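Biologist: I have this protein on my screen and would love a close look at a single part. Please pick one strand and walk me through its neighbours, starting from the overall picture.

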Amino acid sequence: MRRLLVLCAVAAAVVLAPSCRRAVERSAQKIRIVEVGRPAMRGLTAFDLPLCVDNGSAHTLRLTAASLTLRCGGDRVAEIRLGDEVEVPRRTMVDVTTRWRLRIADPLALYVAAGRLRAGDLSTLSVDCAVEGRGGPAAVNISRERVPLSEFLNTFGLTSDDVAEYLRIEP
């Protein structure tokens with residue numbers, strides 16, 4: 001009898017697991033970044049990045065940690081990290097200002113990467129990104145390595161021209 005109950009509990013967990021996953025996927029489809037504003041420098045190593053976020057889900061979103069590493073070829077160029085936790089209430093569209101910290105790993109590689117951005121050549125530029133947070137009861141831990149920069153920018157509806165403009169890189 002006890003074995004039958006354990007077997008039933010395991011079967012129920014297996015049946016319910018896919019439905020929980022679909023619920024998380026449906027919630028994720030209701031969340032989007034509507035607009036990315038112009039970064040405002042705060043000293044030499046920090047900047048504020050305004051975002052317009054549409055949270056159509058039934059859960060408050062909380063971003064606790066995020067980092068992005070820019071690579072040129074295989075070399076690390078620079079890294080930015082989220083400075084403060086960000087929270088977006090459920091079922092709202094809000095403007096959020098995020099604070100980021102910048103660390104330059106290789107100044108010469110940064111110069112080369114800026115030149116490639118000026119020329120619109122993103123072929124050797126890639127990013128490593130990591131995000132941690134919560135979307136209601138679900139923990140969010142996303143990590144990607146060596147994503148082509150053009151693909152990463154497309155995720156947010158940006159182009160290399162937008163990045164060049166935001167960074168005030170003259171073509």
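Modeller: Happy to help; what follows goes from the whole chain to strand β4 and then along that strand with its partners.

Please keep in mind that this is a predicted model. The protein chain averages a pLDDT of 82, and 81% of its residues score at least 70. The stretch to set aside is residues 1-19, where pLDDT stays under 50 and the model has zero contacts beyond four places in sequence.

Here is the overall layout. The secondary structure of the protein chain comes to four helices and nine strands. Read from the N terminus, the order of the elements is α-β-β-β-β-β-β-β-α-β-β-α-α. Of the chain's 171 residues, 30% count as buried. The accessible surface is about 11300 Å², and carbon and sulfur atoms account for 57% of that area. If you take the contacts between residues at least 6 apart in sequence, 59% of them join residues at least 24 apart.

Now to β4, which covers residues 61-72. A good place to begin is the nonpolar core. The largest one has 31 residues, and those with the most contacts inside it are Val-77, Trp-100, Leu-125, Val-127 and Leu-149. Several elements give two or more residues to this core, among them β4, β5 (75-82), β7 (92-104), α2 (107-119), β8 (125-135) and α3 (149-155). The largest share, five residues, comes from β4.

Next, the pairing. β4 has antiparallel partners in β8, with eleven bridges, in β5, with six bridges, and in β6, with three bridges.

Let's follow β4 from its beginning. Leu-61 stands opposite Val-88 in β6. One place along, Arg-62 has Arg-134 in β8 as its bridge partner. Arg-134 is worth a pause on your screen. This arginine counts as partly exposed, because its relative accessibility is 36%, between the cut-offs of 20% and 50%. Beyond four places in sequence, Arg-134 touches Thr-60, Leu-61 and Arg-62 on one hand and Ala-139 and Val-140 on the other. His-59 also makes a nice landmark: 75 residues separate His-59 from Arg-134 in sequence, while their C-alpha atoms are 9.1 Å apart in space.

Further along β4 you reach Ser-67. This serine is buried, because its relative accessible area is 15%, under the 20% cut-off. If you leave out residues up to four places away in sequence, Ser-67 touches Glu-79, Ile-80 and Arg-81, as well as Asp-128, Cys-129 and Ala-130. Just after Ser-67 comes Leu-68, which stands opposite Ile-80 in β5. Thr-69, in turn, has Asp-128 in β8 as its bridge partner. If you are tracing side chains here, a general point may help: in a regular strand they alternate between the two faces of the sheet.

Val-127, one of the core residues with the most contacts, also meets this part of β4. Among its contacts beyond four places in sequence are Leu-68, Thr-69 and Leu-70. The rest of that list is Arg-144, Glu-145, Arg-146, Val-147, Leu-149 and Phe-152.

β4 ends at Cys-72, and you may be wondering about cysteines. Cys-72 is buried, because its relative accessible area of 10% is under the 20% cut-off. Cys-52 is likewise buried, also with a relative accessible area of 10%. In general, a disulfide is a covalent bond between the sulfur atoms of two cysteines. The model has zero disulfides, counting sulfur atoms within 2.5 Å.

From β4 the chain turns into β5 through a hairpin with two residues between the strands, and there Gly-73 takes a positive phi near 70 degrees.

Finally, step across to β8, the strand that shares eleven bridges with β4. β8 also pairs with β9 (residues 138-148), in the antiparallel sense, over nine bridges. One of the pairs to look for joins Glu-132 to Asn-141 in β9. The hairpin of β8 and β9 has two residues between the strands, and Gly-136 there takes a positive phi near 75 degrees.

Definitions and conventions:
Residues are numbered from 1 along each chain as its sequence is written. This is a predicted model: local features need pLDDT of at least 70, side-chain atom pairs count only at pLDDT 80 or more; totals for chains, interfaces and linings use all residues. Side-chain values use heavy atoms; hydrogens and water are left out. A nonpolar core is a set of buried Ala, Val, Leu, Ile, Met, Phe, Trp, Tyr and Cys residues joined through side-chain atoms within 4.5 Å. Buried means under 20% relative accessible area, exposed over 50%, partly exposed in between (1.4 Å probe, protein chains only). Contact means heavy atoms within 4.5 Å. Two strands pair if DSSP finds at least two bridges between them. Accessible areas come from the Shrake-Rupley method with a 1.4 Å probe; for residues, only the protein chains shown count as cover. pLDDT is the predictor's confidence in each residue, from 0 to 100.
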